[in-house]
Amino acid sequence: MIQQSTQNFIWIIQTDPQIAKEIKHKLRQLIRPHPHFFLVGYNSDKSDNYDKHGNHTSLSFEDFAMQAKDLLKAPVYSGNVKILRQAYTLCCSGSNDILLLQTRLDADDGLRLNYFEQIQQEARNTFLKTPSFPNWYYWCIKHHLEWYASTNRWIPVQHEKLCITPGTPVRIEKRKSKETGPPWTLGHDKLFKEINNHPDKYNCGTASCIRLVAEDAGAGAIRSRTWTSAGMMNIFPDNPQTSHQPVFKDFVHRQFGLTEDLAVLQLYLQQHIAEIAKDNLEGQCTYGHSCKLSSVETLQRLVELQYEGRKGQIP
């Protein structure tokens, strides 16, 4: 985020208000030079929740606006609060004259260094250079790379009819009518299929309101498959790819600014696999988190490694 080719955005990092002081201090040190980056003590995010049955439940825009207002009341540990309040005014109480894009980025994902610049230009072309523009619009990344902590390998992934979580911006629609807003209640896995097949159902306003963005430089996002994941999906690949790894590493270095030695990260994750899995397990099926039986079973098995005297090994 620090190396994004445009800095015309704000980044709100939500963290637990009870976060350990030493971790909070380190985070503040990292982002302090950037007044548009905010570290906020707020863990009541309901924009991507799951009910007790594991079903995805999200908010309407009106609820999102109310949550944004609540966020302003939370303690801000770093960042220029004046900028944050200006952003709220644009987001939730301004006119439709300003193009406002919103996305989310999980702590274990990353975006290509020029991704924000590309999407902002896409938004200008869609909403400012066409006589008939939609009520709202989604952009989704078509190609991404996945890093597996179990093997320290990169695997390329391409989607034709699916939006991944990182890098899925939506142009915020501020009209009061709920009938013209984007489908906030759709999970990212259903987003493309539903909107592409039923644009009239969601009052898009034009023939198309969602697009998979293909990057000329290759992958637009990186995703981590580790036991820190809430969903625990595919953290142990069936067929780990071994070829082209030097090419992928060089690409990630150039296009994502990732310079750290991932072997060091892999070693840390493996050495602390039981503790991490136990911490993850405690968050499963709690308010605002996923609740998948398969995730619980996998995490429980990883925790059991500690008691079997095999701590830090991969099953």
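**Figure 1. Helices and strands of the whole chain.** The protein chain of this predicted model contains nine helices and 13 strands, where helices (H or I, at least four residues) and strands (E, at least two) are DSSP runs numbered from the N terminus. Of its 315 residues, 44% count as buried, a word that means under 20% relative accessible area, with exposed meaning over 50% and partly exposed in between (1.4 Å probe, protein chains only). About 17100 Å² of the protein chain is exposed, and carbon and sulfur atoms supply 52% of that area, as computed by the Shrake-Rupley method with a 1.4 Å probe. Among the contacts (heavy atoms within 4.5 Å) with a separation of 6 or more, 74% join residues that are 24 or more positions apart.

Residues are numbered from 1 along each chain as its sequence is written, and side-chain values use heavy atoms, leaving out hydrogens and water. In this predicted model, local features need pLDDT of at least 70 and side-chain atom pairs count only at pLDDT 80 or more, while totals for chains, interfaces and linings use all residues.

**Figure 2. Confidence along the chain.** The pLDDT, which is the predictor's confidence in each residue from 0 to 100, averages 79 over the protein chain, and 79% of the residues score at least 70. Confidence is highest in helix 1 (residues 21–31), at a mean of 93, and lowest in strand 4 (residues 56–57), at 43. Over residues 47–59 the pLDDT is below 50, although this stretch has 32 contacts in the model beyond near neighbours in sequence.

**Figure 3. An open sheet of three strands.** The strand order in this sheet is 1-2-5, with mixed pairing, and two strands pair if DSSP finds at least two bridges between them. Strand 1 (11–15) and strand 5 (76–78) stand at the edges with a single partner strand each, so one side of each is left without a neighbour in the sheet. Neighbouring strands are turned by 30° against each other on average, direction ignored.

**Figure 4. Strand 1, strand 2 and helix 1.** Strand 1 and strand 2 (residues 37–41) run parallel and are joined by five bridges; Ile12 has Phe38 in strand 2 as its bridge partner. Helix 1 packs on the sheet, where it touches strand 1, strand 2 and strand 5, and its direction makes about 160° with that of strand 2.

**Figure 5. Asn152 in a loop.** Asn152 is found between strand 9 (143–148) and strand 10 (153–158), and its phi is near 55°, a positive value in a residue other than glycine. Most residues other than glycine have a negative phi. Asn152 is buried, with a relative accessible area of 14%.

Methods. Axes fitted to C-alpha atoms, helices over the stretch in contact; angles between N-to-C directions.
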